Amino acid sequence: MDEVFVRLRRGRWPLSKGLLVEALLPLGVPTEMAHALAHTVEERLKRLRRKGGVTPRTLRRIFLEEVERELGPDKARLLAKQTLPFEEIFVVEGRKQRPFSKGLLTRSLEDAGFSLREAHELAKAVERRLRLEGVRRIPAKQLEKVVAEEARRLYGPEAGERYRARLLYAGELFVEEAPGAPRVPFSKGILAQSLMAIGLSPDRAFRLAREMEVALHREGVQVIRRDELRRRVHQALLREAGEEMARRYLILRSLRKQPRPVHILIGGVTGVGKSVLASALAYRLGITHIVPSDAVREVFRASLSKDLLPTLHLSTFEAWRALSPGLGLEGESYEVQVMRGFLDQVAKVAVGLKAIQERSALEGTSIVLEGVHVVPRFLQHPYQDRVFTIPMLVAVQDENLHRDRFLLRDRETGHARPKERYLQHFEEIRLIQNHLLRWAREEGIPVIPGEDLDEGIEKALEVLVAYLEAQGQKLEEARA
């Protein structure tokens with residue numbers, strides 16, 4: 001029996017030893033001892049071999065027995081008074097009841113004007129209080145009282161009143177393109193995403209989005225035209241963030257009206273932060289398609305044998321080892337051999353990347369391509385005039401920082417991407433980066449600093465805005 005399941009009314013869930021540890025740590029139990037005790041409880045439950053899993057009551061009984069045996073009766077009595085982390089708390093409204101949810105409470109607190117961080121901390125504090133007090137069921141009105149009290153305790157008297165007054169702003173608000181056009185609900189999340197796209201921090205973006213919603217509710221607005229909402233956001237940005245941010249907002253909003261999709265090409269060697277930057281940009285711009293070049297290479301590897309395309313079956317920095325002896329590289333320098341192998345692999349992966357670009361261009365879909373194989377000179381395709389193609393190269397200039405990235409990635413992936421392999425070939429990785437940087441200078445491709453994510457996002461957004469501005473000027477000149 002590999003897993004222990006806990007049966008609930010709405011199904012069953014795998015036992016999480018982390019929940020047992022979570023209950024023990026506030027009692028001052030050392031982390032190592034808490035994990036050992038949780039393991040003992042799991043082993044006892046496995047021996048029960050209950051078909052369909054154990055009940056929360058059985059789990060509670062065994063947990064308290066092991067706590068008393070290992071930690072003594074005093075600790076067991078303290079735990080027994082609590083509603084434990086694996087036990088549900090129900091909120092009662094009339095004849096109905098629903099499980100307490102930190103997520104739902106967090107959203108309610110955001111509606112009341114708390115930042116995401118504040119809302120999350122407050123929701124945790126409410127749950128912690130309910131569990132410490134041994135609450136199993138609580139009327140909805142009583143829960144509201146507890147939330148308001150915790151808000152006052154953590155953030156002051158005004159915070160408690162803000163939560164109590166949140167229902168004043170609970171009416172639905174809709175956005176429409178034109179009178180009579182289909183309406184969509186106003187979304188703080190979508191507006192905040194638009195504001196993050198221009199470079200605002202998440203906290204600042206969500207605060208401005210909440211303030212915009214509250215202002216509209218106070219005015220009694222139920223339906224707002226999209227262009228009017230955009231005008232109001234632009235004015236708020238002028239006051240809050242300055243002319244440059246407000247200008248960025250209008251330019252990037254115009255991106256959604258463009259008839260052409262956007263293809264963002266993010267190149268760079270391993271370990272410079274391409275994937276993180278690609279995800280951040282895609283989220284901010286509302287682009288749902290991210291294509292890693294490594295995924296395309298893996299498809300080719302699975303479809304084509306090593307004998308047919310040998311360089312594809314090695315990493316880019318080792319591909320030179322698979323080159324045919326008939327190419328006459330024996331007398332060439334090591335640098336030339338490494339780059340020949342790299343370019344051979346890039347050219348083959350580019351076949352798949354270009355097919356993706358062509359399909360996206362024909363379908364009018366915006367995409368982000370990222371990876372070491374994303375070398376613009378290899379990615380020209382027949383439908384370039386149907387898309388806005390924006391290339392950029394991510395690079396880490398500091399060698400020591402670049403090395404440290406592989407150590408960090410090794411830890412974060414649980415050694416799935418071992419540092420030794422990359423550090424052993426660090427010279428080749430840096431060699432390839434130097435060539436990519438030279439090509440970027442020759443072709444006028446912007447270089448994005450990979451040392452700091454925030455700085456990289458800011459630079460990438462500057463590149464996007466500058467490109468769109470230049471395209472706008474070209475269109476105006478063409479019309480003139």
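Is Y467 buried or partly exposed? Y467 counts as partly exposed, at 21% relative accessibility. The cut-off for buried is under 20% relative accessible area. The model is predicted. My points follow.

1. Helix α1. This helix spans residues 17-24, and its buried residues are L20, V21, A23 and L24. They cover an arc of only 160° around the axis, which puts them on the same side of α1. The cover over these buried residues includes α2 (31-48), α3 (56-71) and α4 (73-80).

2. Aromatic pairs. Searching the whole structure gives six aromatic pairs. Take F63 and F86: the ring centres are 6.2 Å apart and the planes stand at 70°, so this pair is edge-to-face. The cut-off for that label is over 60 degrees. F63 belongs to helix α3, while F86 sits in the loop between α4 and β3 (90-93). The pair therefore ties together parts that are 23 residues apart in sequence. Both rings belong to buried residues: F63 has a relative accessible area of 0%, and F86 has 4%.

3. The pair of F388 and Y467. These two rings are also edge-to-face. Their separation is 5.9 Å centre to centre, with 75° between the planes. F388 lies in strand β12 (residues 388-395) and Y467 in helix α19 (residues 453-479), so the contact between rings ties together parts 79 residues apart in sequence. Burial is split here. F388 counts as buried at 3% relative accessibility, whereas Y467 counts as partly exposed at 21%.

4. An aromatic cluster. F317, F406, Y422 and F426 make up one aromatic cluster. Y422 has a charged partner as well: the charged end of R421 sits over the Y422 ring, 5.5 Å from the ring centre.

5. Surroundings of T316. Which loop holds T316? T316 lies in the loop between α14 (293-303) and α15 (334-363). T316 is buried, with a relative accessible area of 8%. Leaving out residues up to four places away in sequence, T316 touches R297, F342, Q345, V372, H373 and I432. On the backbone side, the C-alpha atoms of T316 and G341 are separated by 7.2 Å. Those two residues are 25 residues apart along the chain.

Key
Residues numbered from 1 in each chain as written. Predicted model: local features only at pLDDT ≥ 70, side-chain atom pairs only at ≥ 80, totals over all residues. Heavy atoms only, no water. Buried < 20%, exposed > 50% of the residue type's maximum accessible area, 1.4 Å probe, protein only. Helix = DSSP H or I, 4+ residues; strand = E, 2+ residues; numbered from the N terminus. Arc of directions from axis to C-beta. Contact = heavy atoms within 4.5 Å. Phe/Tyr/Trp six-rings, centres within 6.5 Å; stacked < 30°, edge-to-face > 60°. Lys NZ or Arg CZ within 6 Å of the ring centre and 35° of its normal.
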